[in-house]
Amino acid sequence: MVQPGQTQARRLPGLLFTSPEPDFVCAQVYGEEVYIYGGNHSADNANVVARVPLNQATDRKAYTFWNGKDWVADVRQAQPILTQIPGAVTASYNPYLGQFLVTTCRPLSSEILMYTGPSFAGPWSQPTTAFRGLPPSSDGMDYAGIEHPELAKNGGRTVYVSYFNTTGFLTGDLRFVEVHFG
């Protein structure tokens, strides 16, 4: 945790979420709330979404989960909002698009995908291939495609995406790509 005006973080004790709860990653602040997505360990790589007031982000009991109709306190009631998400995923509000933007990788592919929707809970459009990453080595794949909304320019018309490109056994490069919309 980093306090306002400080330059050093302090690690909080314990884990916020534990097994069998989803593996939540890539928090995004929007307004006064934090949104996070997590894989629910299903065969179709489904992701659920949680939210919490920003000032309560370290309080596990303050989190609510989208059940398809409303935000509820029981994570077991969370319903998938995205499927075929192989790992990392980001979501952010894009002012240029006037929509929320999800960025991820297509499973077992070099394609970086983007979806749009009216809220952090979707519903989401069909995926669009934003770009193809560099070809990975024969014993690897590209993965961890995420947007960095804090770096967007021109009101979100230009966004930046990073992904990991495998170059050999247990080696690779972190790639950074500029994406322009219309």
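In the predicted model, a nonpolar patch on the surface is formed by Leu-108, Met-141 and Tyr-143, which together have about 340 Å² of accessible area. Of these residues, Tyr-143 belongs to strand E10, which spans residues 143-147. Tyr-143 counts as partly exposed because its relative accessibility is 42%, a value between the limits of 20% for buried and 50% for exposed residues.

A contrasting case is Gly-122, located in the loop that connects E8 with strand E9 (128-132). With a relative accessible area of 8%, Gly-122 is buried, since the term applies under 20%. Between the C-alpha atoms of Gly-122 and Ile-146 the separation is 18 Å, and the two residues are 24 positions apart along the chain.

The interior was examined next. The largest nonpolar core contains 17 residues. Those touching the most other members are Tyr-37, Val-49, Ile-81, Leu-82, Val-102, Tyr-115 and Trp-124. Two or more residues of this core come from each of strand E2 (33-39), strand E7 (99-105) and strand E8 (111-117). Apart from this core lies another, made up of 12 residues and including Phe-24, Ile-36, Ala-62 and Phe-65.

The surroundings of Tyr-37 were listed without its neighbours within four places in sequence. On this basis, Tyr-37 is in contact with Asp-23, Phe-24 and Val-25, with Asn-47, Val-48 and Val-49, and with Ile-81, Val-89, Ala-91, Phe-120 and Trp-124. Among these partners, Val-49 and Trp-124 are, like Tyr-37, listed with the members of the largest core that touch the most others, whereas Phe-24 is a member of the 12-residue core.

Strands are considered last. An open sheet is built from five strands, arranged in the order E1-E2-E3-E4-E5 with antiparallel pairing. At its edges are strand E1 (23-30) and strand E5 (71-72), each of which pairs on one side only. In general, the strands of a sheet pair through backbone hydrogen bonds, in either a parallel or an antiparallel manner.

E1 and E2 run antiparallel and are joined by six bridges. Asp-23 has Gly-39 of E2 as its bridge partner, and Gln-28 is matched in the same way with Tyr-35 of E2. The two strands form a hairpin with two residues between them. In the turn of this hairpin, Gly-31 has a positive phi of about 65 degrees. Strand E2 thus appears in both descriptions: E2 pairs with E1 in the hairpin, and E2 also gives two or more residues to the largest nonpolar core.

Methods
Residues numbered from 1 in each chain as written. Predicted model: local features only at pLDDT ≥ 70, side-chain atom pairs only at ≥ 80, totals over all residues. Heavy atoms only, no water. Core = buried A, V, L, I, M, F, W, Y, C linked by side-chain atoms within 4.5 Å. Buried < 20%, exposed > 50% of the residue type's maximum accessible area, 1.4 Å probe, protein only. Helix = DSSP H or I, 4+ residues; strand = E, 2+ residues; numbered from the N terminus. Contact = heavy atoms within 4.5 Å. Pairing = 2+ DSSP bridges. Patch = residues over 30% accessible without salt bridge, like charges linked within 9 Å, V, L, I, M, F, W, Y side chains within 5 Å. Areas by Shrake-Rupley, 256 points an atom, 1.4 Å probe, with all protein chains shown as cover. Salt bridge = Lys/Arg side-chain N within 4 Å of Asp/Glu carboxyl O.
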